[in-house]
Amino acid sequence: MEEGKRVCALVVDDDRLSQRVHAALLRKYGILETEVVENGKEAVDLFKSGKTFDLVIMDLEMPVMDGSEATRELREMGVTSMIVGVTACEVEAEKAEFMRAGLDACWDKPLSGSAIIAMLDELAKKLL
Amino acid sequence: MQRQLATMKQSLFDQGYLDEQFVQLEELQDEVNPNFVEEVVTLYYRDSVRLVQNLEQALEKNPLDFSKLDSYMHQFKGSSSSIGAKKVKIECTQFREYCRTGNGEGCKRTFQQLKKEYATLKKKLEVYFQFARQVGPVEKARRPK
């Protein structure tokens with residue numbers, strides 16, 4: 001990551017375990033500013049309040065508003081942040097639909113260090 | 001004692017209780033979060049109590065709601081995967097297959113096995129973490145052979 005630029009990330013997941021692990025993964029690879037919310041609506045509300053994030057890690061299945069709906073809404077709002085979907089879902093059709101909502105990429109849960117590295121490499125290219 | 005800790009961990013991998021994800025968690029431990037793995041595992045067992053209860057209640061219904069059962073087990077599998085609980089994850093997968101085929105007896109049988117694996121892992125990890133605390137600050141995570 002370019003020195004001096006603080007990359008901000010948002011973890012959107014209703015599972016406390018996933019929240020904890022994803023935030024720790026991001027911190028390990030240099031993303032020191034991470035916020036965590038519990039569902040898609042909270043993510044959308046954060047962006048509506050004026051907050052911006054370079055990277056959003058979006059879970060698919062969440063109560064109130066799921067990842068697909070949240071991603072669609074964010075894109076309709078004009079959000080250009082990198083949005084990466086994560087899901088434990090094994091149905092390819094559902095993952096494809098999640099991608100079509102406007103994701104930049106979709107990864108299987110649980111996320112690994114190599115997945116985070118790949119995401120951050122893409123983000124670095126995007127931010128240049 | 002570090003070697004004994006490593007042997008204990010290797011044994012958990014060799015017996016199939018844990019997978020690579022556990023090592024990924026250990027790699028997230030540092031000076032800021034020296035007990036990260038134990039905290040995450042504790043969180044897993046605390047949060048999954050509700051899911052186990054939901055599954056037990058759902059398995060008592062007649063007729064069974066396989067869609068609801070599958071949904072609960074999807075969550076449980078996800079959490080179990082996050083800590084590298086390999087045997088638990090295998091039972092979760094089997095359970096979901098029985099949901100898919102509408103096999104209620106299969107679901108009930110698999111759930112009993114799942115609870116055994118879940119409880120066994122908990123005991124083994126409690127012993128492991130107790131030992132780890134005695135050993136002291138965690139050295140860099142080593143991948144099992």
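Here is a quick tour of a strand in chain A and some aromatic rings in chain B, both taken from a predicted model.

Let's start with strand 3 of chain A, residues 55-59. Of its 5 residues, 5 are buried, so the strand is largely enclosed by the rest of the structure. In a regular strand, side chains alternate between the two faces of the sheet. Here Leu55(A), Ile57(A) and Asp59(A) point one way, while Val56(A) and Met58(A) point the other way.

What about the neighbours of this strand? Strand 1 (residues 8-12) of chain A pairs with strand 3 of chain A in the parallel sense, over 4 bridges, and Val12(A) stands opposite Met58(A). Strand 4 (residues 82-87) of chain A also runs parallel to strand 3 of chain A, joined by 5 bridges; there, Val84(A) is the bridge partner of Ile57(A). To get from strand 3 to strand 4, chain A passes through helix 3 (residues 67-76), making a right-handed β-α-β crossover.

Now for the rings. The structure holds 10 aromatic pairs over all chains, and two from chain B are set out here.

| Pair | Centres apart | Angle of planes | Kind |
|---|---|---|---|
| Tyr44(B) and Phe76(B) | 6.4 Å | 25 degrees | stacked |
| Tyr45(B) and Tyr118(B) | 4.9 Å | 45 degrees | tilted |

The stacked pair links helix 3 of chain B to helix 4 of chain B, with its residues 32 apart. Tyr44(B) and Phe76(B) are both buried. The tilted pair links helix 3 of chain B to helix 6 of chain B, across 73 residues, and Tyr45(B) and Tyr118(B) are buried too.

Elsewhere in chain B, Phe13(B), Phe22(B), Tyr128(B) and Phe129(B) form one aromatic cluster. Finally, the charged end of Lys87(B) sits over the ring of Tyr17(B), 4.4 Å from its centre.

How values were computed. Residues are numbered from 1 along each chain as its sequence is written. Chains are lettered from A and ligands numbered from 1 in the order in which they are written. This is a predicted model: local features need pLDDT of at least 70, side-chain atom pairs count only at pLDDT 80 or more; totals for chains, interfaces and linings use all residues. Side-chain values use heavy atoms; hydrogens and water are left out. Rings of Phe, Tyr and Trp (its six-membered ring) pair if their centres lie within 6.5 Å; planes under 30 degrees apart count as stacked, over 60 as edge-to-face and the rest as tilted. Helices (H or I, at least four residues) and strands (E, at least two) are DSSP runs, numbered from the N terminus. Buried means under 20% relative accessible area, exposed over 50%, partly exposed in between (1.4 Å probe, protein chains only). A charge sits over a ring if NZ of Lys or CZ of Arg is within 6 Å of the ring centre and within 35 degrees of the ring normal. Two strands pair if DSSP finds at least two bridges between them. A crossover is right-handed if, with the strands pointing away from the viewer, the path from the first strand over the helix to the second runs clockwise.
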